[in-house]
Amino acid sequence: MGRQLTISCFRYNPNIPGDKPRMQDYKLEEHEGMTLFVALNEIREKQDPTLMFDFVCRAAICGSCAMLINGRPRLACKTMTSILPSRFTVMPLPVFKLIGDLAVDTGTWFRDLQVRAEAWIHTNKKFDFNALEVRMENKTCEEIYDPEQCIECGCCVAACITANIRPDFIGATGINRVYRFLIDPRDERSNAEYYDVIGNEDGTFGCVGLMACDDLCPKDIPLQQNLAYVRRKMAAAGLKLDFKGVKTS
Ligand code: SF4
Ligand code: FES
């Protein structure tokens, strides 16, 4: 017989007039190999069909099941209940808009981020439908593959003190996004053009270096290393501005 778990869940549905935020305890028996996602699903199926939380893949791929588990942002589908005490709390990620209970709207936040970071290849080359694909060096592919692992779960954003107090901060995931294009040889933007996008306090200079993003990314992306790379490039680009803020090159 497994442990008796008590999961203290945040409950609040902003769409129900008069509903108040509160914690609600659910008890269930732990079984071998149980993830928090399985436990929450069991609660929803057997005890309380009104409990709201998100999931799609159940395999740490879609990023939709991130929540605060005993205060730490984690993926519910990747978190074994065996690593948790028999009583623990689950709460929605901060920073993102609450949909209800444990479900938040990361989609709108990440959509805005892609637009702000101009997260697409910028090139003046004319697209030729008949051209053969240009082969990329394996080493370059591998370097780009690393930041591309981001599943947009929001754990790094929720864990970030700057993102929690400054709603316009682009976050480690945003800087990682810019890094991905900076190292892509197909992107023809100059460092000065990137500087226009993130060379400010809401971008690469807003990070205060507490490194929670790096500790909590479920895909182990080296976020601080990528931030350091972008920051060096942006500092160099910033030094090329004259005192009137006009680009000198
Ligand atoms: Fe999640 Fe890591 Fe992407 Fe942040 S960088 S959104 S923690 S996968
Ligand atoms: Fe997709 Fe957890 S359900 S990451």
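A nonpolar core is taken here as a set of buried Ala, Val, Leu, Ile, Met, Phe, Trp, Tyr and Cys residues joined through side-chain atoms within 4.5 Å. In this predicted model, the largest such core has 66 residues. The members that touch the most other members are Ile 7, Leu 36, Leu 40, Met 67 and Val 90. Helix H6 supplies the largest share of this core, with 6 residues. As background, nonpolar side chains in soluble globular proteins tend to be buried together.

Ile 7 makes a convenient place to look into the core. Leaving aside residues up to four places away in sequence, Ile 7 touches Leu 36 and Val 90, both of which are also listed among the core members with the most contacts to other members. The remaining partners of Ile 7 are Gln 24, Asp 25, Tyr 26, Leu 28, Ala 39, Ile 43 and Phe 88.

Attention turns next to the enclosed space. The structure holds 2 cavities of 30 Å³ or more. The largest cavity contains about 90 Å³ of space and is lined by 15 residues. Nearest its centre lie Cys 150, Cys 153, Cys 156, Thr 173 and Cys 217. Two elements, helix H4 (155-158) and helix H6 (171-182), each give two or more residues to this lining. By class, the lining of the largest cavity divides into 10 nonpolar, 3 polar and 2 charged residues.

The second largest cavity holds about 40 Å³. Its lining is made up of Asp 54, Gly 63, Ser 64, Ala 66, Leu 93, Leu 102, Ala 103, Val 104, Thr 106 and Cys 153. Of these lining residues, 6 are nonpolar, 3 polar and 1 charged. Readers tracing the two cavities may like to start from Cys 153, which lines the second largest cavity and is also listed among the residues nearest the centre of the largest.

A final site of interest is Glu 188, found in the loop between H6 and helix H7 (191-198). Glu 188 counts as partly exposed because its relative accessibility is 35%, a value between the 20% and 50% cut-offs. Beyond residues up to four places away in sequence, Glu 188 touches His 122, Thr 123, Asn 124, Lys 125 and Glu 193. With one of these, Thr 123, the side chain of Glu 188 makes a side-chain to side-chain polar contact at 3.0 Å. Thr 89, by contrast, lies 47 Å from Glu 188, C-alpha to C-alpha, with the two positions 99 residues apart in sequence numbering.

How values were computed:
Residues are numbered from 1 along each chain as its sequence is written. Chains are lettered from A and ligands numbered from 1 in the order in which they are written. This is a predicted model: local features need pLDDT of at least 70, side-chain atom pairs count only at pLDDT 80 or more; totals for chains, interfaces and linings use all residues. Side-chain values use heavy atoms; hydrogens and water are left out. On a 1 Å grid over the protein atoms alone, a cavity is a set of points where a 1.4 Å probe fits but cannot get out, and a pocket is an open set with protein on both sides within 12 Å along at least five of seven lines; lining residues have an atom within 4 Å of a point. Grid points are joined across faces, edges and corners, and a volume is the space filled by probe spheres set on the points. Helices (H or I, at least four residues) and strands (E, at least two) are DSSP runs, numbered from the N terminus. Ala, Val, Leu, Ile, Met, Phe, Trp, Tyr, Cys and Pro count as nonpolar, Asp, Glu, Lys and Arg as charged, and the others, Gly among them, as polar. Buried means under 20% relative accessible area, exposed over 50%, partly exposed in between (1.4 Å probe, protein chains only). Contact means heavy atoms within 4.5 Å. A polar contact is a pair of N or O atoms within 3.5 Å; within protein, one must be able to donate a hydrogen and the other to accept it, and residues adjacent in sequence count only if both atoms are side-chain atoms.
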